[in-house]
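Please walk through this protein one part at a time, beginning with its overall division and ending with local details of the backbone.

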Amino acid sequence: MARLSEDTRSFVLTGHGGSGKTTLAEAVLFDNGNISRMGRTETGNTVSDFSAEEQKRQISIGASLMTLERAGKTLFMLDAPGFADFTGEMSAAIRVADTTVILVDAVGGVEVQTNRAWDCAKENESPVVFCVSRIDRENANFDAVLADIKEQFTRSALPVFLPIGSSGVVDVLKGRAYVYTADGSGKFTEQDVPADMAEAAAKAKEALVEAAVEMDDDLMEKYLEGAAVSDGDLKRVLRAAIVKRRVMPVLACSAAMNVGVHQFLDFVVDYFPSPIDRGPVKAQKGEETVEVEAGAPFSALCFKVMVDPFVGKLSFIRVYSGSLSSEGASIYNVKKGEEERLSSFRFITGKDGKDVKEVIAGDIVAIPKLQSTKVGHTLALKSGAQWLFPHIEFPAPVYSVAVVAKSRADEDKLGGAIARTLEEDRSLTFEKNAETRDNILSGMGDMHIDIVLAKMKERYGVELDVRTPQVPYRETIKKTAEAQGKHKKQSGGHGQYGDVSIRYIPLERGAGFEFVDKIVGGAVPKNYIPAVEKGLREYMVKGPLAGFPVVDFKAELYYGSYHDVDSSEMSFKLATRLSFKKGIMDASPVLLEPIMNAAVTVPDKYMGDVMGDFNSRRGRIMGTESHGHLQVVKAQVPLAEMFRYAIVLRSMTSGQGSFSMEYSHYEEVPGDIAKKVIAAHKQEEEEE
Ligand SMILES: Nc1nc2c(ncn2[C@@H]2O[C@H](COP(=O)(O)OP(=O)(O)O)[C@@H](O)[C@H]2O)c(=O)[nH]1
Ligand SMILES: [Mg+2]
């Protein structure tokens, strides 16, 4: 029987690292009968954390997909990583799933990554379901966490499950209790709500009814007149309220003890929106914004690419409209305007896949061996839809290292290995810095970079050494100076003669370089003037102060002399060099360094530490903002002080801080520090 979009449910498990997402995914698979025993993150045998690096580090690194059948529905469950280093994987998964489940630890409450997941769901207008997790832990406090969620995020967070200690949950909608055996088998009995919870359960249901009836005027009127709301009506309006983010249900579970997971799954089936409930998706057709309905011709978005050493490349797509059979021989990449051979569609569960003949709107599947399709590309049929879904944005990297191949053999393999790694990991960038000549690998943190390097070694046999990148310092001048340069050589035969006088004038920051010809009366013949300018452009790449590019100055060529026979372009270039060196050194040269805009998000209690630390890094605090009990500190800080900041921030805040950073401008390096940089550079030159 053909599947229907109404019967698909896609959701992503998000939350802070360690809140129990991967364990919940495992329990879901176990309770649904997909696996016969539950793996654990610690023992590296969960379905979701299947890569070698995930098993070694006992954390999720990539968003993994699991597909299951439940009560006639097809469920696509994504397990997103919770560490800040892998935020990009999380945001791509939130983008394509129809519901965002945010796990909040029953002891820890709202943490930094919880906040990120919330922000990202909001940006994507994604329905949100909270799940208070690990309720079996000592000091677990459902009420306190609920209050925290309400205060930090939204008053629309309304409990649907109430934990019965750590032994079960009350479903307040059904008015029933589900009490589990203590052996972790997931066996439970349905019971009456315990007497001491009856009042709380009734109140919670009342709050849900009150919020949900607002979705239907007639129903609300009846309700206000005192009529009871039928179960059928309540389900309908509550579903509508969830899609519209008017109600954000709060569930509870202990995945490790397998408590409440059956009820979680039932709630997914009954209340999570289908793609039809979510409604049309915005796309761009030429200049025009269009709304893509599920019934429109086939279209899909690639949100993840994974290179499996055995299977090869897998492109993960979310289908937004229409349907497509794998018997159609090709698929069309709208972004690139290229057709690709379509081999098969695969339903994915962890590292395993199963071929499916047809995909429909709402499906999340993988396609093996697509060549040119990258993350963010829209797929369709050549004869069909020609719109583009908005590109998937990834956060800008905040941690950089310079990499050097260990051997010649490593160097030869580097290019190919990097290209393949970049394709899989959109939070990673690789570029050669034109000024420092460093090969810079940038990512979201030191853990991210470590993992990338480990993968490159394991998969492609490429070993790289890592260094702190060099700061791309620059040089400039602070006052005007004039300098003559005279090059004269009489060593038998043809002589050499060039003579220029140049004025060096400071320009404002960011102005670059300007050359002005002020020669009158042919003191320097017209045909030699280009050689002077060319010489300046060549020499300014390596300034006389410390060998860094000289910027933001004007050079006025105002006088000179020549020799009828001995002058040449080369002589004038050499004369220019003499003038340049002397002129720049006489014009109060200074070093400039790149200044970054940094924004750090931390819980209140770390704010003082963060600000103090910025002071010790020559930072300037530009302002602070508060979001609940999180504070955002904005500062301008020299790049030279920020290379290891990701590590510093983590240890300063026990992993609860996150930050972003972008280039702002160049500024003068303070004298004492400049002296050190210049001395270090001189020493390097002597050693060479
Ligand atoms: N006490 C308790 N521990 C749990 C529970 N779920 C997961 N854990 C443990 O918490 C740690 C992190 O779990 P994991 O599922 O990897 O968290 P994730 O980072 O959110 O995917 C692991 O040591 C799990 O065994 C739970 O329900 N109760
Ligand atoms: Mg995990």
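The domain assignment splits the chain into five parts: domain 1 (5–192 + 247–278), domain 2 (281–380), domain 3 (399–467), domain 4 (474–587) and domain 5 (591–673). The model is a predicted one, and every value below is computed from it.

Consider the pair formed by domain 2 and domain 3. Their centres, taken over C-alpha atoms, are separated by 29 Å. Domain 2 brings 9 residues to the contact and domain 3 brings 6 residues. Between the two, about 590 Å² of area is buried, and carbon and sulfur atoms give 53% of that. On the domain 2 side, 69% of the area buried against domain 3 is supplied by Val 305, Val 307 and Val 375, more than by any other three residues.

The next site is the magnesium ion, ligand 2. Which protein atoms act as donors to the magnesium ion? They are OG1 of Thr 22 and OG of Ser 60, which lie 2.0 to 2.1 Å from the ion. These donors link distant parts of the chain, being 38 residues apart. Thr 22 belongs to helix H1 (residues 21–31), whereas Ser 60 sits in the loop between helix H2 (52–57) and strand S2 (64–70). With a relative accessible area of 7%, Thr 22 is buried. Ser 60 is buried as well, with a relative accessible area of 8%, since the cut-off for burial is under 20%.

Two helices show how burial is arranged around an axis. An α-helix has 3.6 residues a turn, so residues three or four places apart point the same way.

In helix H13 (residues 529–539), the buried residues are Ile 529, Ala 531, Val 532, Gly 535, Leu 536 and Tyr 539. Because they cover an arc of only 160° around the axis, they fall on the same side of H13. Pro 530 and Lys 534, on the other side of H13, are exposed. The buried residues of H13 pack against three strands, S30 (496–506), S31 (513–517) and S32 (553–561), and against helix H14 (569–586).

Helix H17 (residues 671–687) can first be checked for length. At 1.5 Å a residue, its 17 residues should span 24 Å, and the C-alpha atoms at its ends are indeed 24 Å apart, so the expected and modelled values agree. Ala 674, Val 677, Ile 678 and His 681 are the residues of H17 to look at next, and they are buried. The arc they cover around the axis is only 95°, which means that they are on the same side of H17. Strand S33 (589–603) is included in what covers the buried residues of H17. On the other side of H17, the exposed residues include Asp 672, Lys 675, Lys 676, Glu 686 and Glu 687.

The last stop is the backbone. Most residues other than glycine have a negative phi. Asn 139 is not a glycine, yet its phi is positive, about 70°. Asn 139 is found in the loop between strand S5 (128–133) and helix H5 (142–152), and its relative accessibility of 64% makes it exposed. Arg 245 also has a positive phi, near 60°. Its place is the loop between helix H8 (231–243) and strand S11 (248–252). Is Arg 245 buried or exposed? Arg 245 has a relative accessible area of 17%, and therefore counts as buried.

Notes. Residues are numbered from 1 along each chain as its sequence is written. Chains are lettered from A and ligands numbered from 1 in the order in which they are written. This is a predicted model: local features need pLDDT of at least 70, side-chain atom pairs count only at pLDDT 80 or more; totals for chains, interfaces and linings use all residues. Side-chain values use heavy atoms; hydrogens and water are left out. Donors are N, O and S atoms within 2.8 Å of the metal (3.2 Å for Na, K and Ca); water is not among the atoms, so sites may look incomplete. Helices (H or I, at least four residues) and strands (E, at least two) are DSSP runs, numbered from the N terminus. Buried means under 20% relative accessible area, exposed over 50%, partly exposed in between (1.4 Å probe, protein chains only). The expected span of a helix is 1.5 Å times one less than its number of residues. The arc is that of the directions from the helix axis to the C-beta atoms. Contact means heavy atoms within 4.5 Å. Domain bounds come from an automatic or database domain assignment. Buried area is the accessible area (1.4 Å probe) that two parts lose on being put together, summed over both.
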